Amino acid sequence: MNSVFIGIGSNLSDPKIQVTKAVTAIAQVSTITISKVSSLYVSKPMGPQDQPDYVNAVIEINTALTPIALLDQLQAIENTAGRVRKDNRWGARILDLDILLFNQDIINEERLVVPHYGMKLREFVLLPLAEIAPNLILPDGDVLLELSNKIKRNALEKQGKIAWH
Ligand code: ROI
């Protein structure tokens with residue numbers, strides 16, 4: 001069974017509801033079991049500032065799916081949420097589901113790069129991840145807690161639990 005960490009983000013159409021619905025949708029995939037869910041975190045946008053604040057969370061799942069089969073499932077959930085894939089890599093989005101870590105695997109495929117390229121520089125990934133996996137070591141040997149203690153604080157606010165079911 002694979003252990004996979006997924007980063008969730010939204011800054012459109014009631015982001016807290018989008019994140020909650022995403023966790024519920026992932027839980028409903030028969031080949032996926034959710035093992036840990038972080039709190040919700042509100043964060044200032046990284047990148048262009050002329051967009052709403054984000055809501056972020058990180059979950060751990062267990063699945064026998066391959067990385068690409070999992071990516072297909074996650075993209076289907078993004079699409080169902082109304083995600084429009086435009087040329088707006090740094091712009092507002094209704095739902096973003098990123099595979100952060102897949103076991104300790106290093107994946108370099110056209111559709112999928114794991115560990116997620118930006119995760120070590122993102123407070124809104126490192127802090128929720130450290131909440132649910134405080135002892136994690138990244139595939140390159142970096143200690144998660146050291147990264148999360150060192151990361152520049154950018155007004156990240158921990159909110160309540162996610163009411164998924
Ligand atoms: N900024 C924050 N705070 N949270 C995100 O999830 C997020 N996602 C993005 C960019 C545009 C880089 N900025 C973000 O894709």
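This is a short tour of a predicted model, to be followed with the structure open in your viewer.

**Stop 1: strand S4**

Start by selecting residues 54-63, which form strand S4. Is this strand mostly covered or mostly open? It is mostly covered, with 9 of its 10 residues buried. Keep S4 highlighted while you add its partners.

Bring in strand S1, residues 2-10, which pairs with S4 in the antiparallel sense over 9 bridges. To see one place where the two meet, pick Gly9 and look across to Asn56 in S4.

Next, select strand S2, residues 32-37. S2 and S4 are also antiparallel, and 5 bridges link them. Here, Thr33 stands opposite Asn62 of S4.

Then add strand S3, residues 41-43, another antiparallel partner of S4, with 3 bridges. Click on Ser43 and you will find Tyr54 of S4 opposite.

While you have these strands on screen, a general point may help: in a regular strand, side chains alternate between the two faces of the sheet.

**Stop 2: strand S5**

Now select residues 96-102, strand S5. All 7 of the 7 residues in S5 are buried, so the strand is largely enclosed by the rest of the structure. Turn back to S1, which is joined to S5 by 6 bridges in an antiparallel arrangement. For one pair to display, choose Ile6, whose bridge partner in S5 is Ile99.

**Stop 3: the ligand**

Show the ligand next. The space it takes is the largest pocket. Which residues surround the ligand? They are Ser43, Lys44, Pro45, Met46, Tyr54, Asn56, Trp90, Arg93, Asp96, Arg122 and Phe124. You have already met Ser43 and Tyr54 as an opposing pair, and Asn56 as the residue facing Gly9.

Three contacts are good to display here:

- Met46: one of its polar backbone atoms is 2.8 Å from a nitrogen atom of the ligand.
- Asn56: a polar atom of its side chain lies 2.8 Å from a ligand oxygen atom.
- Arg93: an N or O atom in its side chain is 3.2 Å from an oxygen atom of the ligand.

How much of the ligand does the protein bury? Taken alone, the ligand exposes 350 Å², and the protein buries 97% of that.

**Stop 4: the loop with Asp140**

Move on to the loop between helix H3 (123-132) and helix H4 (144-150), where you can select Asp140. The side chain of Asp140 reaches the backbone nitrogen of Asp142 at 2.9 Å. Add Gln104 to the selection as well: Asp140 and Gln104 are 36 residues apart in sequence, while their C-alpha atoms are 8.9 Å apart in space.

**Stop 5: backbone details**

The last stop is about the backbone itself. As background, most residues other than glycine have a negative phi, and most peptide bonds are trans.

Select Val114 and Pro115 together; a cis peptide bond joins them, with omega about -5 degrees. Pro115 is in the loop between strand S7 (113-114) and H3.

Go next to Asp14, in the loop between S1 and helix H1 (15-27). Its phi is near 60 degrees, a positive value in a residue other than glycine. Is Asp14 buried or exposed? Neither fully: Asp14 is partly exposed, with a relative accessible area of 45%.

Finish at Ala155, found in the loop between H4 and strand S8 (157-158). Ala155 also has a positive phi, near 65 degrees.

Technical notes. Residues are numbered from 1 along each chain as its sequence is written. This is a predicted model: local features need pLDDT of at least 70, side-chain atom pairs count only at pLDDT 80 or more; totals for chains, interfaces and linings use all residues. Side-chain values use heavy atoms; hydrogens and water are left out. Buried means under 20% relative accessible area, exposed over 50%, partly exposed in between (1.4 Å probe, protein chains only). Helices (H or I, at least four residues) and strands (E, at least two) are DSSP runs, numbered from the N terminus. Two strands pair if DSSP finds at least two bridges between them. A residue is near a molecule or strand if one of its heavy atoms lies within 4 Å of it. A polar contact is a pair of N or O atoms within 3.5 Å; within protein, one must be able to donate a hydrogen and the other to accept it, and residues adjacent in sequence count only if both atoms are side-chain atoms. Accessible areas come from the Shrake-Rupley method with a 1.4 Å probe; for residues, only the protein chains shown count as cover. On a 1 Å grid over the protein atoms alone, a cavity is a set of points where a 1.4 Å probe fits but cannot get out, and a pocket is an open set with protein on both sides within 12 Å along at least five of seven lines; lining residues have an atom within 4 Å of a point. A molecule sits in a cavity or pocket if more than half of its atoms lie within 2 Å of its grid points.
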